[in-house]
Amino acid sequence: MILSASRLCFSFGETPVFSDVTFEVAPGEIVSVIGRNGAGKSTLLKCLNGLLAPNAGRVRLDGENITRLKHKTLGRTIGYVPQHDEDTFGFSVLEMALMGRAAHIGPFSQPSPCDIRAAEEAVRRVGLESMIHRNFNELSGGQAQLAVIARALAAKPRLLLLDEPTAHLDIRNQAQVLKVLCSLSRQQGLSVLMTTHSPDHAFLFSDKALMLCKESPPVFGKPGQVMTAETVGRVYGMDVKIINVDSRFPEARTVVPDWFGAVGQDRRRRNDHAA
Amino acid sequence: MQPNRAFRLVLWGLPVLLLGVSLCVGRYRLPLGDMLSVFGLVSGEVKDVAKTVLLNIRLPRSLAALLVGAGLSISGAAFQGLFRNPLVGPSILGVAQGAGFGSALGLLLGVSMLSVNLLAFTFGIAAVFCACFIARRRGGKSLLMLVLAGIVMGAVFTALISLIKYTADPEDKLPTIVYWLMGGLSGVGYRDLAFAAPIIGLGSFALLALRWRINVLSLGEEMARSFGENTKLLRFVVIGAATIVTAACVSVAGIVGWVGLLVPHIARMLFGPDHSSLLPASLSIGACYLLCIDGVARTATSAEIPLSILTALLGAPFFAWLLGKTGGRWT
């Protein structure tokens with residue numbers, strides 16, 4: 001196991017965010033975290049790389065409690081891709097990726113040619129080599145997301161934590177980001193833990209799923225086994241159907257929310273009004 | 001963009017060249033030959049007056065212009081990176097107002113010039129220390145808190161400066177204080193330089209050493225921490241270094257506005273946002289800018305023009321032009 005969390009609890013003051021979260025990430029595995037807004041997905045990620053301290057429970061990296069590890073070690077082993085990333089000054093993609101090398105560069109040093117090579121390599125791995133000197137702020141949403149992933153990869157981490165990497169992206173760009181993550185995990189043995197609002201991604205691209213829910217205990221396991229219409233429905237507090245969209249691949253399932261049941265009444269009223 | 005070798009040569013050569021030029025200009029006419037022979041570069045007889053003008057008046061003054069311009073600019077650039085905001089200047093945490101109060105107090109009490117320097121320096125640091133003390137709290141929007149606390153300290157010390165002006169003798173002390181606060185290098189001697197130069201040098205050196213790290217800080221606290229950065233320590237060192245530099249600048253030159261805001265922008269337009277090149281570029285451009293401004297200040301009219309008036313009158317329209325040209329984008 002590269003990362004394991006046992007019985008994690010977190011609360012902001014008196015407000016509990018999540019409790020009793022236990023899961024593991026093996027090398028090369030992709031784990032998706034799903035749950036409603038406010039279920040504590042982003043907070044959980046920040047507990048895993050030491051940005052926040054959980055109220056109870058342990059996070060272990062290679063068997064070692066992360067509170068005992070140096071910040072630099074964490075920074076080199078775990079790459080973090082936040083949800084919104086803005087850049088005030090308009091750094092280039094390469095300059096941005098170089099910053100991911102911070103844990104490898106001494107406090108009074110400048111990036112070495114070796115650091116620059118690692119940053120260029122990271123940019124190549126996400127397929128942005130043609131944009132390497134472009135201004136980060138002029139990239140499209142999908143390219144910016146890939147650039148931030150490149151920045152996390154530049155440190156050569158063994159685990160990547162991503163906070164909703166596919167949010168605000170069109171379906172093609174979502175596929176592009178997921179493709180990059182899959183190839184990193186399959187070819188380089190990189191472990192990936194990401195939060196998402198698309199349960200479909202958990203079915204299609206994940207080895208494990210972690211479902212966080214305020215009302216019920218968290219569920220962790222293989223998506224095909226633990227993600228049923230009942231459990232997913234409970235997580236989102238809404239009836240859902242789970243449908244296989246391609247008979248050749250049993251994992252190609254999609255979650256169809258019962259929109260009509262949830263907003264049906266109002267929709268009918270609108271239609272009546274229009275008539 | 002990494003400045004290439006030719007650019008680097010210009011960056012370090014230009015301030016030296018301008019230092020030479022500024023030694024030649026002034027109301028006392030001094031031929032180039034005389035100047036060179038004072039420095040022993042050419043043999044020849046020189047009048048004692050020429051020697052005094054050059055060595056005791058122009059040289060310390062020009063060196064001070066160079067140091068103050070460089071110091072204010074590099075601390076401005078560092079603060080813009082730290083606060084992730086291209087609109088802040090070196091006095092965002094109240095250091096200039098604090099130092100201004102210190103020197104006004106010293107002038108009111110009629111203490112020696114060195115004591116005025118020391119008072120200015122001490123109160124400049126005290127203002128920033130108070131701002132940091134007010135802003136200290138766990139997590140949250142700590143940068144915003146820091147800026148607000150800086151505005152608070154700036155307001156307090158501005159009021160205290162007014163109080164001193166109000167109580168000062170209007171015949172004698174008040175004009176000195178007012179004139180001093182407008183910024184100027186007219187009375188600068190080697191004693192001031194001996195006080196300020198080591199401090200400005202030390203602070204600038206620390207900022208230059210950490211220049212790449214300021215990039216990482218400019219991504220925001222959370223991101224920097226995820227890279228394993230000790231953001232608290234780093235921020236403390238950057239604020240401390242920029243503060244001592246600015247306090248030392250104000251203690252010799254008074255409050256010289258605009259330089260620390262304007263110069264980092266020019267540097268950013270020329271060399272891009274990477275602080276690895278931005279900080280050295282700001283240092284050099286700032287030195288050149290203030291050497292030119294000071295040259296104008298002492299030659300344009302028969303009386304000396306306070307520096308702040310010129311930095312704003314020449315700097316503000318230039319800044320407006322820059323804004324128009326770049327459309328407010330800082331890249």
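**View 1. B:S112, an exposed residue in a loop of chain B.** B:S112 has 10 C-beta neighbours inside 10 Å, so this residue counts as exposed (12 or fewer other C-beta atoms within 10 Å of its own, placed from the backbone; 20 or more make a residue buried, and anything in between is partly exposed). The loop that holds B:S112 links helix 4 (95–109) and helix 5 (113–135) of chain B; helices are DSSP runs of H or I with at least four residues, strands are runs of E with at least two, and both are numbered from the N terminus. From B:S112 to B:A77 the C-alpha atoms are 33 Å apart, with the two positions 35 residues apart in sequence. The model shown here is predicted: local features need pLDDT of at least 70 and side-chain atom pairs count only at pLDDT 80 or more, while totals for chains, interfaces and linings use all residues. Residues are numbered from 1 along each chain as its sequence is written, and chains are lettered from A and ligands numbered from 1 in the order in which they are written.

**View 2. Helix 1 of chain A and the open sheet.** Six of the eight residues of helix 1 (41–48) are buried, so the rest of the structure largely encloses this helix. Among them are A:L44, A:L45 and A:C47. After the helix comes A:G50, with a positive phi near 80°. Helix 1 lies across strands 1, 2 and 4 of chain A, at about 125° to strand 1 (axes are lines fitted to C-alpha atoms, for helices over the stretch in contact, and angles run from 0 to 180 degrees between N-to-C directions). The sheet is open and antiparallel, with four strands in the order 2-1-4-5; strands pair if DSSP finds at least two bridges between them. Strand 1 (3–12) and strand 4 (56–61) share five bridges, and A:A5 has A:V59 as its partner in strand 4.

**View 3. The largest nonpolar core.** This core has 174 residues, and A:L161 and B:V68 are among those with the most contacts inside it; a nonpolar core is a set of buried Ala, Val, Leu, Ile, Met, Phe, Trp, Tyr and Cys residues joined through C-beta atoms within 7 Å. Leaving out residues up to four places away in sequence, A:L161 touches A:L45, A:L48 and A:I78, among others; contact means C-beta atoms, placed from the backbone, within 7 Å.

**View 4. Where chain A meets chain B.** The contact takes 23 residues from chain A and 24 from chain B. Helix 2 of chain A gives the largest share of the chain A side, five residues.

Key
Two residues are in contact if their C-beta atoms, placed from the backbone, lie within 7 Å.
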